[in-house]
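User: I am new to this structure and would love a close look at a single part of it. Could you walk me through one chain and the way it meets its neighbours?

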4 protein chains.
Amino acid sequence: MGRKILVTGFQPFGGESMNPAWEAVRRLPDTIGDATVTKVEVPVVFGRGPEAVERAVEEVEPDLVLCVGQAGGRAKVTPEFVGINYADARIPDNDGCQPIAERIVDGGPDAYFATLPVKAMVQAMREAGVPAEVSYTAGTYVCNDVMYSLLHTLATRHPEVRGGFLHVPYATEQATHLPASTPSMSVDDMARGIAVALEAALTHEKDVDVATGSTH
Amino acid sequence: MGRKILVTGFQPFGGESMNPAWEAVRRLPDTIGDATVTKVEVPVVFGRGPEAVERAVEEVEPDLVLCVGQAGGRAKVTPEFVGINYADARIPDNDGCQPIAERIVDGGPDAYFATLPVKAMVQAMREAGVPAEVSYTAGTYVCNDVMYSLLHTLATRHPEVRGGFLHVPYATEQATHLPASTPSMSVDDMARGIAVALEAALTHEKDVDVATGSTH
Amino acid sequence: MGRKILVTGFQPFGGESMNPAWEAVRRLPDTIGDATVTKVEVPVVFGRGPEAVERAVEEVEPDLVLCVGQAGGRAKVTPEFVGINYADARIPDNDGCQPIAERIVDGGPDAYFATLPVKAMVQAMREAGVPAEVSYTAGTYVCNDVMYSLLHTLATRHPEVRGGFLHVPYATEQATHLPASTPSMSVDDMARGIAVALEAALTHEKDVDVATGSTH
Amino acid sequence: MGRKILVTGFQPFGGESMNPAWEAVRRLPDTIGDATVTKVEVPVVFGRGPEAVERAVEEVEPDLVLCVGQAGGRAKVTPEFVGINYADARIPDNDGCQPIAERIVDGGPDAYFATLPVKAMVQAMREAGVPAEVSYTAGTYVCNDVMYSLLHTLATRHPEVRGGFLHVPYATEQATHLPASTPSMSVDDMARGIAVALEAALTHEKDVDVATGSTH
């Protein structure tokens with residue numbers, strides 16, 4: 001029997017009528033390599049987003065989980081390296097909640113590193129012509145809430161399951177009403193990138209050995 | 001008999017193996033509205049680029065000319081408002097020439113405004129979901145050389161023909177090896193944008209009356 | 001008898017409580033090289049800004065005129081190469097006027113090039129440690145209105161007087177309430193840059209011969 | 001007896017002839033509030049940077065430690081929220097070492113949060129007219145190496161001492177030879193910002209309760 005991948009994408013938020021994360025996720029093929037792909041849309045709500053992911057993990061029993069969110073302003077697809085135990089919202093979430101400087105899990109560690117091979121994923125996307133870069137901050141909003149919570153759930157209850165998070169830029173059509181310098185990407189390219197990134201994650205138990213880090 | 005559009009795109013330059021301008025131009029449909037579309041690839045060479053455009057104008061006898069070039073670093077498709085009588089190259093062109101602070105046409109006016117409805121073109125692209133913005137500088141490299149020369153040729157010898165220039169961002173696949181913040185756009189979206197921009201140019205003898213200007 | 005320089009700076013606009021252009025201008029020394037410096041604050045109003053500059057030209061009878069404005073979002077001090085015969089305002093000016101796609105001078109040429117040595121000015125600023133770059137668009141707002149009008153006045157009535165325009169970034173203190181990526185510069189560094197740029201303008205009747213142009 | 005602050009700044013690296021971090025640190029006053037300030041320059045070398053900081057902590061026995069580094073490309077002064085147990089160098093350090101995907105402390109936790117009131121520090125800098133923003137990534141180079149190591153040392157051996165890290169932009173004079181869009185800041189403004197940030201750290205045992213987080 002083949003492996004199983006769970007991929008989640010967020011609903012629209014912040015006044016936008018679409019979320020490129022979910023648009024890209026739902027265009028993924030139903031199988032990648034030897035694995036079947038289950039796609040789930042989750043709410044942009046602190047606490048409820050992570051719960052929806054956790055519920056899907058229990059139901060699907062995946063080998064690999066990737067949650068996808070939008071990072072408006074970034075120019076590339078960015079697998080996230082680390083989730084932090086901290087919620088601090090500049091704008092309210094879709095339920096109107098706005099946590100300030102709160103812990104996500106009381107007594108949880110300050111951070112978890114993704115257990116996906118982020119460098120191999122970036123390399124695979126670049127080879128496929130999709131601009132990609134490892135990111136070292138998933139922010140402090142619902143995306144990080146979902147990432148940290150997922151990694152906490154996997155670490156404490158499903159240590160054999162690998163998981164991580166990935167941010168996508170604005171979709172091209174979202175950028176029409178944004179400032180002239182705002183980067184964007186077509187949802188087709190995002191979906192193509194996520195597919196090869198997942199394929200790389202399936203075939204790399206360990207990450208590749210290339211320098212992708214920063215110079216500060 | 002229908003109208004005729006001439007569209008040109010540049011060859012690769014600056015060490016790149018493709019030029020998104022020509023890639024987008026050659027994907028244009030062969031008819032737009034009531035007009036047939038002729039597509040010509042031109043060299044990234046001072047003097048020879050403009051000559052290739054001029055030759056195509058003489059052969060095609062178009063009603064409307066749009067030259068397309070790459071402006072790496074921009075995030076949107078940008079119809080140009082003005083070409084200036086000035087060549088100043090930061091890097092050599094594809095023939096190895098690098099003019100510094102030279103006039104393009106001795107005795108020519110300092111500048112020509114595009115005779116295409118740049119605001120209507122931007123509006124049409126935005127409505128089609130393609131990020132677009134009017135630009136007020138076509139630079140001082142071969143793009144501006146072509147733009148100024150075209151407008152000079154049309155003004156002095158074909159005043160009934162309307163013409164202009166349009167810059168596209170890096171193609172998505174070019175950005176894989178560029179810094180993390182470099183914006184890009186899929187060539188398909190560029191081609192789609194140029195097509196609706198040309199349709200808008202056909203249907204607007206006069207430009208639309210909306211504010212697109214700057215605040216400095 | 002020594003030469004005379006006229007330098008103007010704009011009043012605050014767009015909701016800001018200060019304009020770094022005027023703040024920098026009023027900190028200039030009263031003499032630069034052999035020249036005395038007269039400083040005049042002008043309103044951010046289409047038509048009235050240019051009139052204030054013209055009045056000052058008549059009164060001061062300068063050898064050299066530099067008008068200074070703010071280009072929020074730029075990271076460097078940018079002498080402008082060209083002013084265009086076009087006004088198009090994204091926001092109303094300080095008198096509430098918002099011209100759309102209007103000519104500044106009916107029957108005037110499409111553009112005038114600055115008659116100051118912009119490359120020598122940039123070079124002098126860089127040598128003094130002030131980031132600087134030639135700009136090829138002064139926008140379509142009151143700054144360009146002032147620049148084009150000044151160059152038109154000088155060309156038609158005072159051809160022996162050299163003139164131009166220079167944009168400065170946001171001042172450091174303005175950027176505290178702006179997005180994280182907004183560049184800024186200390187007003188002291190702006191003033192220091194403008195002073196050495198004016199010195200270079202005094203000593204260079206002809207511009208220096210270095211490449212500063214674009215690659216698109 | 002008054003309190004003691006230890007502030008460190010890095011030596012130049014990456015081909016630069018100065019490091020604005022140390023330039024700003026050495027301009028700090030010798031007392032801030034009731035505290036004396038000790039300033040130490042440390043090498044941009046994995047392992048040796050952290051050792052130099054640790055040695056200074058043992059010697060000075062400070063109440064509060066702030067390490068300062070350069071993050072070229074940022075536009076604001078950015079107190080760091082979190083250091084991660086990970087070293088990944090895009091370029092070699094000043095000793096020629098280039099760790100790839102290595103742990104800083106074997107068996108150490110994935111991350112430590114700064115124990116300085118980063119929001120209060122940002123607020124104080126903004127009120128003083130210095131652009132500032134909380135950052136959620138200190139990168140993966142020597143800056144993060146120093147930050148993580150400092151917080152590990154303090155957590156395991158000096159839990160009563162508070163500590164953190166702060167990044168500064170390029171200095172104004174560094175940006176003269178960098179691309180046109182590169183932001184920078186005067187070293188005087190950095191020093192002024194760091195001084196008021198330290199004053200805020202002295203007076204805020206707990207951080208202030210304002211939203212500074214992200215929206216992704």
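Analyst: Let's begin where chain D meets chain C: the area buried between the two is about 1,500 Å², and carbon and sulfur atoms give 58% of that. On the side of chain D that touches chain C, the residues divide into eight nonpolar, seven polar and five charged. Please keep in mind that this is a predicted model. The contact draws 20 residues from chain D and 20 residues from chain C. Charged residues are present on the chain D side, yet the count of salt bridges between chain D and chain C is zero. What the rule does find across this interface is six residue pairs in polar contact, with both residues at pLDDT 80 or more.

Now turn to the other neighbour, chain A. Here the contact takes 40 residues from chain A and 40 residues from chain D. About 3,100 Å² is buried between chain A and chain D, with carbon and sulfur atoms giving 60% of this area. Four salt bridges are found across the interface of chain A and chain D. An example to look for in the viewer is the salt bridge in which the side chains of D88(D) and K119(A) meet, at 2.6 Å from N to O. The rule also finds five residue pairs in polar contact across the interface of chain A and chain D, both residues at pLDDT 80 or more.

Which parts of chain A take part? The elements giving two or more residues to the side that touches chain D are β6 (82-84), β7 (111-113) and α4 (142-157) of chain A. Of these, β7(A) gives the most, with three residues. By type, the residues on this side of chain A divide into 20 nonpolar, twelve polar and eight charged.

To complete the tour of the neighbours, chain B and chain D do not touch, and their nearest C-alpha atoms are 10 Å apart. For chain A and chain C the nearest C-alpha atoms are likewise 10 Å apart, and these chains do not touch.

Let's step inside chain D next, starting with its strands. Strand β1 (residues 4-10) and strand β3 (residues 35-42) of chain D run parallel and are joined by seven bridges. You can find one place in this pairing by looking at K4(D), which stands opposite T36(D) in β3(D). β3(D) is also joined by two bridges to strand β2 (residues 31-32) of chain D, and this pair runs antiparallel. There, I32(D) has A35(D) in β3(D) as its bridge partner. The hairpin of β2(D) and β3(D) has two residues between the strands, and G33(D) in this hairpin takes a positive phi near 55 degrees.

Finally, zoom in on L66(D), a residue of strand β4 (residues 64-70) of chain D. Is L66(D) buried or exposed? Its relative accessible area is 0%, so L66(D) is buried, the cut-off being under 20%. Leaving aside residues up to four places away in sequence, L66(D) touches L6(D), V7(D), T8(D), L116(D), M121(D), G164(D), F165(D), L166(D), I194(D) and L198(D). You can also compare L66(D) with R162(D): they are 96 residues apart along the chain, and their C-alpha atoms are separated by 8.7 Å.

Note on methods: Residues are numbered from 1 along each chain as its sequence is written. Chains are lettered from A and ligands numbered from 1 in the order in which they are written. This is a predicted model: local features need pLDDT of at least 70, side-chain atom pairs count only at pLDDT 80 or more; totals for chains, interfaces and linings use all residues. Side-chain values use heavy atoms; hydrogens and water are left out. Contact means heavy atoms within 4.5 Å. Buried area is the accessible area (1.4 Å probe) that two parts lose on being put together, summed over both. A polar contact is a pair of N or O atoms within 3.5 Å; within protein, one must be able to donate a hydrogen and the other to accept it, and residues adjacent in sequence count only if both atoms are side-chain atoms. Ala, Val, Leu, Ile, Met, Phe, Trp, Tyr, Cys and Pro count as nonpolar, Asp, Glu, Lys and Arg as charged, and the others, Gly among them, as polar. Two strands pair if DSSP finds at least two bridges between them. Helices (H or I, at least four residues) and strands (E, at least two) are DSSP runs, numbered from the N terminus. Buried means under 20% relative accessible area, exposed over 50%, partly exposed in between (1.4 Å probe, protein chains only).
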